[in-house]
Amino acid sequence: NSKSIPFKSLLFTGILSIATFFLYCIFIKPLFSILYKQEYNSALVISYFLAFQSIVHGLGDYLNKFLISHGKGKNLMIASIYVALINVFGYALITRLYKLDGAVITKVLGSISYFVTMIYFYLHHVKRNTPKSSNII
């Protein structure tokens, strides 16, 4: 039961996620034009935002699994409340004002808040469980 996620694992996961997002951005437009009529092109722009949202949320889930395995359920409950507040506010107000774009914005903001909250709780856990190194000068 490690005190933190190995740096190589974090790095690999981050690079793989970013690479996947860029590959999606490169290949979705040609694929989209094959599968759909031109009248659906506005959905293509939305798909970029939702792909980004999925990557961010997935990275949050990666940290979430580590925190769960270390008994940090209370922290995860707090994160869920933050995301729920953003979603309720966003879907009630932003979607009302901006319709579909507002729903997409809310989805992205909810996932970003989830990811940022997971980073905060992960760093807090690591800081509390890593012994301070002695500085010998």
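**Exercise 1. Secondary structure and overall form**

Determine how many helices and strands the chain has, and in what pattern they follow along the sequence.

Solution. In this predicted model, the chain has three helices and zero strands. Read along the sequence, the pattern is α-α-α. Next, compare the radius of gyration with the globule rule: the value is 19 Å, well over the 14 Å that the rule gives for 137 residues, so the chain is more spread out than a compact globule. The C-alpha trace spans about 65 × 35 × 30 Å along its principal axes. Of the 137 residues, 28% are buried. Finally, take the contacts between residues at least 6 apart in sequence: 74% of these join residues at least 24 apart.

**Exercise 2. Helix 1 against helix 2**

Decide whether helix 1 and helix 2 are roughly parallel or roughly antiparallel, and describe their contact by residue class.

Solution. Two packed helices are described by the angle between their axes and the distance between the axes. The axes of helix 1 (residues 7-35) and helix 2 come within 10 Å and cross at roughly 165°. Angles over 145 degrees count as roughly antiparallel, and helix 1 and helix 2 are therefore roughly antiparallel to each other. The crossing of helix 1 past helix 2 is right-handed. On the helix 1 side, the residues in contact include Phe21, Tyr24, Ile28 and Phe32; on the helix 2 side, they include Leu44, Tyr48, Phe52 and Ile55. By class, this contact of helix 1 with helix 2 has 15 nonpolar, five polar and one charged residues.

**Exercise 3. Helix 2 against helix 3**

Apply the same steps to helix 2 and helix 3: find the crossing angle, the relative direction and the handedness.

Solution. The axes of helix 2 and helix 3 (residues 73-129) come within 9 Å and cross at roughly 25°. Angles under 35 degrees count as roughly parallel, and helix 2 and helix 3 are therefore roughly parallel to each other. Helix 2 passes helix 3 in a left-handed crossing. The contact of helix 2 with helix 3 has, by class, 21 nonpolar, six polar and two charged residues.

**Exercise 4. The setting of Phe49**

Locate Phe49, state its exposure, and list its contacts beyond its neighbours within four places in sequence.

Solution. Phe49 is found in helix 2 (residues 41-69). Its relative accessible area is 45%, which makes Phe49 partly exposed. Leaving aside neighbours within four places in sequence, Phe49 is in contact with Val104 and Val108. Phe49 and Ile105 are 56 residues apart in sequence, and their C-alpha atoms are 8.2 Å apart in space.

Definitions and conventions
Residues are numbered from 1 along each chain as its sequence is written. This is a predicted model: local features need pLDDT of at least 70, side-chain atom pairs count only at pLDDT 80 or more; totals for chains, interfaces and linings use all residues. Side-chain values use heavy atoms; hydrogens and water are left out. Helices (H or I, at least four residues) and strands (E, at least two) are DSSP runs, numbered from the N terminus. Buried means under 20% relative accessible area, exposed over 50%, partly exposed in between (1.4 Å probe, protein chains only). Contact means heavy atoms within 4.5 Å. Axes are lines fitted to C-alpha atoms, for helices over the stretch in contact, and angles run from 0 to 180 degrees between N-to-C directions. Angles under 35 degrees count as roughly parallel, over 145 as roughly antiparallel, 65 to 115 as roughly perpendicular and the rest as oblique. A crossing is left-handed if the near helix is turned anticlockwise from the far one by less than a right angle, and right-handed if clockwise. Ala, Val, Leu, Ile, Met, Phe, Trp, Tyr, Cys and Pro count as nonpolar, Asp, Glu, Lys and Arg as charged, and the others, Gly among them, as polar. The radius of gyration is taken over C-alpha atoms; the globule rule is 2.2 Å times the number of residues to the power 0.38.
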